[in-house]
Amino acid sequence: MSDNNKNVENGDKDEIQHKILQITEEQFFEPIKDEYVRSLSKMGMADFDDGYNPGPTNPDGSVNFTCHCVGHLVASPCGHEFRTAATCQRAHKEDDFEAGACADEFMSFMKCVMKTECFKCKEILFG
């Protein structure tokens, strides 16, 4: 394994950089020597998947704010507004929306999105 890097630790704890390791294609395709790693390489994907993926809804029906599908919304500048709107939506039935349930919460979320422009794509921002 070659060690062609310029970003290495230089003693100062505040100045630690990532270390880049490079291997050749030949080294990449060499047989795995470590027993533990070899045992992992022989496992199927089903062996790694514990089967627990509730998606955007937790088993109790509440919103799963840690789901990757909504996590970025929760962490956005409009996260509070998103959580409020999503929690309101989860608390109502579909028929309630026709009567205007959660309209204020969703409008608050959308106003935040428009004000902060937190969902503009990089091409538009940095074009």
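## Helix 7 and its two sides

Let's start with a quick check on helix 7, which covers residues 103-116. With 14 residues at 1.5 Å a residue, helix 7 should span 20 Å, and its end C-alpha atoms are indeed 20 Å apart, so the expected and modelled spans agree. Please keep in mind throughout that this is a predicted model.

Which residues of helix 7 are buried? They are F109, C112 and V113. Looking down the axis of helix 7, you will find these buried residues within an arc of 100°, so they line one face of the helix. What do the buried residues of helix 7 pack against? Their partners are helix 4 (68-74) and helix 5 (79-91). Turn to the other side of helix 7 and you meet exposed residues: D104, K111, M114 and K115. Just after helix 7 comes E117, with a positive phi of about 55°.

## The disulfide between C78 and C112

Now for the cysteines. A disulfide is a covalent bond between the sulfur atoms of two cysteines. The count here, taking sulfur atoms within 2.5 Å as the rule, comes to 2 disulfides.

One of these disulfides joins C78 to C112, with an S to S distance of 2.1 Å. Because C78 sits in the loop between helix 4 and helix 5 while C112 belongs to helix 7, the pair ties together parts that are 34 residues apart in sequence. The torsion about this S-S bond of C78 and C112 is about -90°, so the disulfide is left-handed.

Are C78 and C112 buried or exposed? C78 has a relative accessibility of 0% and counts as buried, because the cut-off for that word is under 20%. C112 is buried too, with a relative accessible area of 12%.

## The disulfide between C88 and C102

C88 and C102 are also joined by a disulfide, with 2.0 Å from S to S. This pair links distant parts of the chain, 14 residues apart: C88 is in helix 5, and C102 is in the loop between helix 6 and helix 7. The torsion about the S-S bond of C88 and C102 is -95°, and the link is left-handed.

C88 is buried, with a relative accessible area of 13%, and C102 is buried at 4%. The backbone of C102 deserves a look as well: its phi is positive, about 70°, although C102 is not a glycine. If you want to find C102 in the structure, go to the loop between helix 6 (94-98) and helix 7.

## S76 in the loop between helix 4 and helix 5

The last stop is S76, in the loop between helix 4 and helix 5. That loop also holds C78, the cysteine paired with C112 of helix 7. S76 has a relative accessibility of 13%, so it counts as buried.

What does the side chain of S76 reach? It reaches the backbone oxygen of L73, at 2.7 Å. Which residues is S76 in contact with, once its neighbours within four places in sequence are left aside? They are C118 and F119.

Technical notes. Residues are numbered from 1 along each chain as its sequence is written. This is a predicted model: local features need pLDDT of at least 70, side-chain atom pairs count only at pLDDT 80 or more; totals for chains, interfaces and linings use all residues. Side-chain values use heavy atoms; hydrogens and water are left out. Helices (H or I, at least four residues) and strands (E, at least two) are DSSP runs, numbered from the N terminus. The expected span of a helix is 1.5 Å times one less than its number of residues. Buried means under 20% relative accessible area, exposed over 50%, partly exposed in between (1.4 Å probe, protein chains only). The arc is that of the directions from the helix axis to the C-beta atoms. Contact means heavy atoms within 4.5 Å. A polar contact is a pair of N or O atoms within 3.5 Å; within protein, one must be able to donate a hydrogen and the other to accept it, and residues adjacent in sequence count only if both atoms are side-chain atoms.
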